Amino acid sequence: MDRIGVYAYCGYDLPAEERFKKVKESGFKKVAVWCHTDFNTNSGISEYEQFKFVKEQGLEVSYAHAPIKYAPYLMNKYYGAKEAVKEHKIYVKSAKEQGVKILVIHLPEITPAVIDNVAEVAAFATDQGVTLAVENLTGEAPFDELFREVKDISFCYDTCHALMFGDREGKMAERYLDRLITTHLSDGDGKKDCHFLPGDGVYDFSALAERLRKGGYKGDFVLEAFQTAEYADISEFLSVGKERLERIFG
Ligand SMILES: [Zn+2]
């Protein structure tokens, strides 16, 4: 199924070049990457080198994730806010340069200042042909106000984050289905931010799959799981993950 992808880091400290090779060997056609530098690997490689490896493996980028360093400043009306907006516009530009269509961002919380600042970044992104998508980090209905105020921003549903706030079956995905453009799929125990492989926790993925199918979701199914003790080998981790996503969403 060509709508299945994987976040390339997945908790294994391999050189980037090696990691993209493993992703390709496991049969994935799509990857998710951080634009700019990848904060998890601290590899220090530039986005240009990273995207070079992606292209060498013939992989398609499902979405790029923006760095989160400047996200808190989006809450400010004055201090640091201009810099944060500018940084986010650079991430949009870098996504565009690499032919990436979707840029996922984190927001600290939704305040009037955040709405204003994000509206500016979203308008810029639309201009550049990049879709900005905000990821859920908290529970209930975090984006009602944002989506009411800002038309050109989409939604990235993270199952593990939703689970921590009591949504174990895709209720938030359904709530924001008209904005849903991509997914972060992983499992958890409902308490911590576990990012287990789907099936290794308590999230009800078949309920989510049913909701997405009924709602006509057209985006990718992207694994955003990290290594756990059961999976010493990245190849095994990737192939188990891929097989499970195919079984659930295929
Ligand atoms: Zn996520």
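This is a short dialogue on reading a predicted model, from its sheet to its helices and two backbone outliers.

Visitor: What should I know before I start?
Guide: The model is predicted: local features need pLDDT of at least 70, side-chain atom pairs count only at pLDDT 80 or more, and totals for chains, interfaces and linings use all residues. Residues are numbered from 1 along each chain as its sequence is written.

Visitor: In what order do the strands of the sheet stand?
Guide: Some terms come before the order. Strands (E, at least two residues) and helices (H or I, at least four) are DSSP runs, numbered from the N terminus. Two strands pair if DSSP finds at least two bridges between them. Here eight strands form an open sheet, ordered β7-β6-β5-β4-β3-β2-β1-β8, with parallel pairing. β7 and β8 (221–223) stand at the edges with a single partner strand each, so one side of each has no neighbour in the sheet. From one strand to the next, the twist averages 30°. Angles run from 0 to 180 degrees between N-to-C directions, and axes are lines fitted to C-alpha atoms, for helices over the stretch in contact.

Visitor: How many bridges join β1 to β8, and how many join β1 to β2?
Guide: Strand β1 (residues 4–7) pairs with β8 in the parallel sense over three bridges. V6 has L223 in β8 as its bridge partner. Helix α9 (residues 234–249) packs on the sheet, touching β1 and β8, and its direction makes about 140° with that of β1. Three bridges also join β1 to β2, and these strands run parallel. G5 stands opposite K30 in β2.

Visitor: Is strand β2 enclosed or open?
Guide: A residue is buried if 20 or more other C-beta atoms lie within 10 Å of its own, exposed if 12 or fewer, and partly exposed in between; C-beta atoms are placed from the backbone. In β2 (residues 30–34), four of the five residues are buried, so the strand is largely enclosed by the rest of the structure.

Visitor: How do I read α1 against α2?
Guide: Two packed helices are described by the angle between their axes and the distance between the axes. The axes of α1 (residues 16–25) and α2 (residues 47–56) come within 9 Å and cross at roughly 30°. The two helices are therefore roughly parallel. That label covers angles under 35 degrees; over 145 is roughly antiparallel, 65 to 115 roughly perpendicular, and the rest oblique.

Visitor: Which residues meet there?
Guide: A16, E17 and F20 in α1 meet Q50, F53 and V54 in α2. A contact puts two C-beta atoms, placed from the backbone, within 7 Å.

Visitor: What is unusual about E140 and H195?
Guide: Most residues other than glycine have a negative phi. E140 has a positive phi of about 60°. E140 is found in the loop between β5 (131–135) and α5 (144–149). H195 also has a positive phi, of about 55°. Its loop runs between β7 (180–184) and α8 (205–215).

Visitor: Are these two residues buried or exposed?
Guide: E140 is exposed, with 12 other C-beta atoms within 10 Å. H195 counts as buried, with 24 C-beta neighbours inside 10 Å. Beyond its neighbours within four places in sequence, H195 is in contact with C160, S186, G188, E224, A225 and F226.
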